[in-house]
Amino acid sequence: MKSKGYKTFFRTLGLILCIILVVGLYVLNIIVSQKGLDLVTDSFELSSSNINGMLSSLISFICILMVLIAHKKGLISAYIFQALNIGFMTTEIIRHHNISTLPGIFNGIVSVVSVTLIYIQLTRSTKMAITDYMTGLMNRRGLVKYIDNKVLDKNQLFLIYLELDNFRVINDNLGHKYGDMILRIVAKRLKNYAGRDVFVSRIGGAEFAVLINSKNDPKEFAGKLVDNLGKNISIKAGDESITINITVYAGISEYPANALEADELLKFADIAIYHARKSKTKKVLFFDKKMKDELSRQIELEKTVKDAIEKNWFYLVYQPQYTLKDKRLRGFETLLRLRLPDGTMISPGEFIPAVEKSEEILEVDQYVLKSALEEGKNLMNTSGRDDILISVNISAKTISSEDFVEKLQKIIFSTGFPTNNLELEITEYSLSDSKAVTANNIKTLRSIGVKIALDDFGTGYTSLGQVLELPIDLLKIDKSLIDDIYEKPVNRDFVDAVIYMGHLMKCEVISEGVESDEQLNFLRDHECDFVQGYIWGKPVPFYDALEICKNT
Ligand code: C2E
Ligand code: MG
Ligand code: MG
């Protein structure tokens with residue numbers, strides 16, 4: 001909004017300067033033609049007709065500038081000046097039979113045609129810049145422009161941000177051609193449903209935005225859009241007719257209550273969508289203060305994490321894993337710790353989910369891998385144990401990056417860590433959007449000897465089909481499942497099923513978060529392979545881990 005204010009100011013100033021210049025040149029032109037001023041020196045001779053022509057050319061040039069600076073207003077001003085200019089020069093010819101103004105008249109006519117053509121081209125390219133070529137709707141730029149103009153009249157306004165869930169899967173499975181087709185169908189439905197007076201735009205891959213005023217109930221309106229947009233979309237793929245249902249989420253932000261600027265309104269509505277998706281029960285959510293506080297905390301944590309990498313506030317602790325049958329040491333899971341200079345500890349349960357949304361997590365994972373492999377190698381050399389595994393947690397963003405394997409190989413090479421002793425823990429969530437890169441990375445890692453553990457198993461993100469497709473070595477039963485093993489018979493059955501299924505899939509199974517003898521006995525009875533939990537060992541610093549290696 002501020003930049004828009006500056007823009008308007010400079011445009012108006014530019015136009016005024018042009019007008020002053022044109023008026024000056026115009027007056028000069030009159031004087032030259034009425035007084036018949038000729039410029040004659042020893043070396044050259046300029047007739048008044050030449051001077052008139054030159055001044056008219058200058059006026060034409062400034063008229064073009066006016067159109068470029070102030071578009072429509074510039075065009076109108078240019079028309080007025082050229083009309084006056086041509087009018088004056090024509091009367092000169094009629095009244096005084098003075099044809100010195102003839103070049104100026106031609107110049108004026110050419111100038112009117114030029115500024116008109118320039119204006120048409122300018123309008124066309126401006127329109128193209130704010131239109132989404134695929135759906136014909138306005139694009140994000142158009143939306144921002146529209147909001148910034150609209151909010152000037154200070155009326156209440158609701159921005160409904162709509163997102164088609166998991167659209168990447170459609171593109172991956174059906175191909176982009178059909179993905180685009182579906183987007184066009186959704187755009188058409190949106191336009192038809194919203195009606196002529198409602199501003200509708202496509203602001204990203206599978207994201208749309210609608211602007212409504214307070215005459216409509218925004219929640220009801222968004223609810224109807226969400227219910228109808230992605231339902232029963234039928235397309236023809238080759239000879240086959242496919243019907244698809246897409247889940248749509250909506251986030252709503254309000255002008256002026258939530259924000260005064262378009263970018264902020266969009267950001268807040270997007271945050272509301274994120275919360276709707278997380279809730280698993282709601283598909284439409286209004287942005288509220290709590291979400292804003294969470295966002296501030298997230299921004300603060302992102303900054304802290306950045307500082308932590310730079311200033312070495314991170315360190316690793318090691319939690320032992322044992323065989324359940326005879327309590328032999330299997331290895332350690334490395335867990336990240338963040339201690340601020342004032343001694344405050346921030347739990348990874350808090351900072352990891354916060355930075356997982358940003359690119360910062362890639363750096364965190366790189367830091368952890370480098371430290372874990374350096375220290376792990378040291379641990380094995382010093383204790384003389386080459387039979388232990390070092391298990392490192394990596395985020396969804398890292399496992400789905402194209403260059404991850406290459407980067408990891410560099411770390412393995414520089415630290416000299418034996419690949420066969422490395423295990424990477426990826427979460428179930430990493431597999432939930434089924435990226436091809438993720439699957440490729442997992443396969444390549446396995447082929448170079450790295451083991452893959454599926455962390456937090458049973459939290460409900462992956463389908464069995466997805467797990468079966470990938471070469472997983474270890475299933476890690478999530479702590480939440482064994483927490484209530486004695487209170488909830490369902491959990492008992494589930495854990496039993498996971499162990500059974502894991503073995504069928506030729507995976508080994510570990511349970512994390514084991515705290516009691518009852519849990520231990522249950523897992524033993526059901527032939528779980530390994531155990532990790534406070535009952536046999538909390539996460540400890542490097543030197544304590546070294547002692548464990550020597551004594552177990
Ligand atoms: P996770 O990978 O599932 O790690 C297990 C968490 O459970 C750890 O919490 C561990 O200390 C805790 N835990 C293990 N046994 C017990 C037990 O018997 N009782 C209780 N109450 N807790 C137990 P922590 O260290 O706070 O880590 C939390 C989560 O943060 C991890 O869950 C992981 O998702 C993430 N995280 C930790 N370190 C890293 C890391 O280096 N990189 C990445 N990307 N994520 C990490
Ligand atoms: Mg883990
Ligand atoms: Mg876990």
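1. A good place to start is the binding site. In this predicted model, ligand 1 is surrounded by 22 residues, and the closest of them are Arg 337, Asn 393, Asp 455, Glu 515 and Tyr 534. Try finding these five on your screen before reading on.

2. Which parts of the fold supply this shell? At least two residues each come from β11 (329-339), α10 (348-355), α11 (360-383) and β15 (451-457). Strand β11 gives the largest share, with four residues. By character, the shell around ligand 1 divides into nine charged, eight nonpolar and five polar residues.

3. Now look at some individual contacts. Glu 333 places a polar side-chain atom 3.0 Å from an oxygen atom of ligand 1. Leu 336 takes part through its backbone instead: an N or O atom there lies 3.1 Å from a nitrogen atom of ligand 1. Asp 456 has a polar side-chain atom 3.2 Å from an oxygen atom of the ligand. How much of ligand 1 does the protein bury? Taken alone, ligand 1 exposes 800 Å², and 84% of that is buried by the protein.

4. Next, the metal. The magnesium ion (ligand 3) has protein donors from Asp 455 (OD), Asp 456 (OD) and Glu 512, which appears twice through OE atoms; these donors lie 2.1 to 2.5 Å from the ion. Along the sequence, the donor residues follow the spacing D-D-x55-E. Asp 455 also bridges to a second magnesium ion (ligand 2), and the two ions lie 4.2 Å apart.

5. The neighbours Asp 455 and Asp 456 are worth comparing. Are they buried or exposed? Asp 455 has a relative accessible area of 6%, so it counts as buried. Asp 456, at 23%, counts as partly exposed, because buried means under 20%.

6. Asp 456 deserves a second look for its backbone too. This residue is found in strand β15 and has a positive phi of about 55 degrees, although it is not a glycine. Recall that Asp 456 is also a donor to the magnesium ion (ligand 3) and has a polar side-chain atom 3.2 Å from an oxygen atom of ligand 1.

7. Lys 327 is another non-glycine residue with a positive phi, here about 50 degrees. Lys 327 sits in the loop between β10 (314-323) and β11, and is partly exposed, with a relative accessible area of 38%.

8. Finally, check one peptide bond. Going from Tyr 255 to Pro 256, the bond is cis, with omega near 5 degrees. Pro 256 belongs to the loop between β8 (248-255) and α8 (262-279).

Notes:
Residues are numbered from 1 along each chain as its sequence is written. Chains are lettered from A and ligands numbered from 1 in the order in which they are written. This is a predicted model: local features need pLDDT of at least 70, side-chain atom pairs count only at pLDDT 80 or more; totals for chains, interfaces and linings use all residues. Side-chain values use heavy atoms; hydrogens and water are left out. Donors are N, O and S atoms within 2.8 Å of the metal (3.2 Å for Na, K and Ca); water is not among the atoms, so sites may look incomplete. Buried means under 20% relative accessible area, exposed over 50%, partly exposed in between (1.4 Å probe, protein chains only). A residue is near a molecule or strand if one of its heavy atoms lies within 4 Å of it. A polar contact is a pair of N or O atoms within 3.5 Å; within protein, one must be able to donate a hydrogen and the other to accept it, and residues adjacent in sequence count only if both atoms are side-chain atoms. Accessible areas come from the Shrake-Rupley method with a 1.4 Å probe; for residues, only the protein chains shown count as cover. Ala, Val, Leu, Ile, Met, Phe, Trp, Tyr, Cys and Pro count as nonpolar, Asp, Glu, Lys and Arg as charged, and the others, Gly among them, as polar.
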